[in-house]
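Subject: Handover of the model, with notes

Hello,

Here is the structure I promised to pass on. Please open it alongside this message; my notes follow below.

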Amino acid sequence: MSNTHQQPQRAVIDFGDEMPVNTVQAPVLKGDGPSHERPLYFISLGSGSSGNCAYVGTDDGGILVDAGVDPEVVWKQLARHGITPLMVQGVILTHDHQDHVRYVYTLVRKNKHIGIYCTRRLMTGLLRRSRISRRVQDYMHPIYIETPFKLADFAITAFTTSHDGTDNMGFEIALDGRTLVVATDMGTITPRAEFYMSRANYLMIESNYDHDMLWNGHYPEMLKHRVSGDQGHLDNMVAAEFVASHYHRGLSHVWLCHLSADNNTPDIARAAMVGRLEAIGLTVGDGSHSPEHRDRDIQVYALPRFEASTLFILT
Ligand SMILES: [Zn+2]
Ligand SMILES: [Zn+2]
């Protein structure tokens, strides 16, 4: 019971030891729309079963979402944009799977000012599933589902998601009336998740697998059922259908996250989303600030699995 992190079916999709050092230099982009509010910065440091971590910040500092990427890689990438460890005030955790929490103790042990914001149940699960030091609890600030809390410049609200961790949640991260929503690792979109996701201005949504690639692929039958089940991961087409059916003019950016290495590609995931959005008459940009793309109705960008994404400056 105590070694549940060794489950064989998880070993098939976790490639944590193979994470390469980031080498891609991403251009700095400017956001869309009028610059009447504080800029919001977003950068993904890794996305997928090999490791998840993203930075969300303002000029005053920010937060990390999940700690599944080696902090040395995180700091190196953030330093390119002038973001230092001291500017990071906390890490929020979506659930206790290794690809989201593997480095959380390393992160806080070396940066004692960084608090871990998660539910007590998630922390209990983390200690049970991992070989992590129990001292990780000393850094915990308990949070409660759908009870907003303040961290850095943000008002953050956790909401329950449908997945097979001990406690699973997405986050609404609000600044100046705008919201960035993180919705990863979910087998289906429940009504409470829908509530938060549907009002996002910037939406990071899981687009894990292509249906045909999964079912024609090499995964064992049991794993195919786990991935596609209600507590597994999100189908490209389900993500695309969700965004198309909940589109509003305030939604400017969609980041596709947690793409499977085996059952998806960035092109296939993006094409599913773009195709569905174009079908309802929207023009879709590639997330760059090029003259050709920046004024389109909505930007869709597939987050890289191993490399850092572009730094998005959202205004
Ligand atoms: Zn995951
Ligand atoms: Zn997970």
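In which sense do strand S13 (residues 284-285) and S14 pair, and over how many bridges? They pair in the parallel sense, over two bridges. One of the pairs to look at is Val-284, whose bridge partner in S14 is Ile-298.

Before going further, a word on confidence. This is a predicted model. The mean pLDDT of the protein is 90, and 89% of its residues reach 70 or more. Over residues 1-35, however, the pLDDT is below 50. Beyond near neighbours in sequence, that stretch still has 58 contacts in the model. Please keep the two statements together when you look at residues 1-35.

Overall picture

The protein has 315 residues, and 50% of them count as buried. Its secondary structure comes to 10 helices and 15 strands. Take the contacts between residues at least 6 apart in sequence: 67% of them join residues at least 24 apart.

The eight-stranded sheet

S14 belongs to an open sheet of eight strands. The order is S7-S8-S9-S10-S11-S12-S14-S13, and the pairing is mixed. Strand S7 (149-151) and S13 are the edge strands, each pairing on one side only.

On its other side, S14 pairs with strand S12 (residues 253-257), in the parallel sense and over four bridges. There, His-253 stands opposite Gln-299. S12 in turn pairs with strand S11 (residues 202-206), again in the parallel sense, over five bridges. His-253 turns up here too, with Tyr-202 of S11 opposite.

How enclosed is S14? Five of the five residues of this strand (residues 298-302) are buried, so S14 is largely enclosed by the rest of the structure. In a regular strand the side chains alternate between the two faces of the sheet. Here both faces are covered. Ile-298, Val-300 and Ala-302 are buried on one side, Gln-299 and Tyr-301 on the other.

A helix lies over this part of the sheet. Helix H10 (residues 266-279) lies across S12, S13 and S14. The helix runs at about 160° to S14.

The seven-stranded sheet

Seven strands form another open sheet, in the order S6-S5-S4-S3-S2-S1-S15. The pairing is mixed here as well. Its edge strands are S6 and strand S15 (312-314), each of which pairs on one side only. Neighbouring strands of this sheet are turned by 25° against each other on average, direction ignored.

You can walk from S3 to the S6 edge through parallel pairs:
- Strand S3 (residues 61-65) and strand S4 (residues 88-92) run parallel, joined by four bridges. Leu-64 has Val-91 of S4 as its bridge partner.
- S4 and S5 run parallel, joined by three bridges. Val-91 stands opposite Ile-116 in S5.
- S5 and S6 run parallel, joined by three bridges. Tyr-117 stands opposite His-141 in S6.

From S5 the chain crosses through H5 to S6, and this β-α-β crossover is right-handed.

Helix H5

Which residues of H5 (residues 120-129) are buried? They are Leu-122, Met-123, Gly-125, Leu-126 and Arg-129. These five cover an arc of only 160° around the axis, which puts them on the same side of H5. The spacing fits a general rule. An α-helix has 3.6 residues a turn, so residues three or four places apart point the same way. What covers the buried residues of H5 includes helix H3 (98-101), strand S5 (115-118) and strand S6 (140-142). So the covering includes both strands that the crossover links, S5 and S6.

A buried loop residue

One more spot to check is Val-69, in the loop between S3 and helix H2 (71-79). Is Val-69 buried or exposed? Val-69 has 29 C-beta neighbours inside 10 Å, so it counts as buried; the cut-off is 20 or more. Leave aside its neighbours within four places in sequence, and Val-69 is in contact with Leu-45, Gly-46, Gly-51, Cys-53, Val-74 and Tyr-103. Of these, Leu-45 is 24 residues away in sequence. In space, the C-alpha atoms of Val-69 and Leu-45 are 7.1 Å apart.

Best wishes

Note on methods. Residues numbered from 1 in each chain as written. Chains lettered and ligands numbered in written order. Predicted model: local features only at pLDDT ≥ 70, side-chain atom pairs only at ≥ 80, totals over all residues. Buried ≥ 20, exposed ≤ 12 C-beta atoms within 10 Å, placed from the backbone. Arc of directions from axis to C-beta. Contact = placed C-beta atoms within 7 Å. Pairing = 2+ DSSP bridges. Axes fitted to C-alpha atoms, helices over the stretch in contact; angles between N-to-C directions. Right-handed = clockwise from strand over helix to strand, strands pointing away. pLDDT = per-residue confidence, 0-100.
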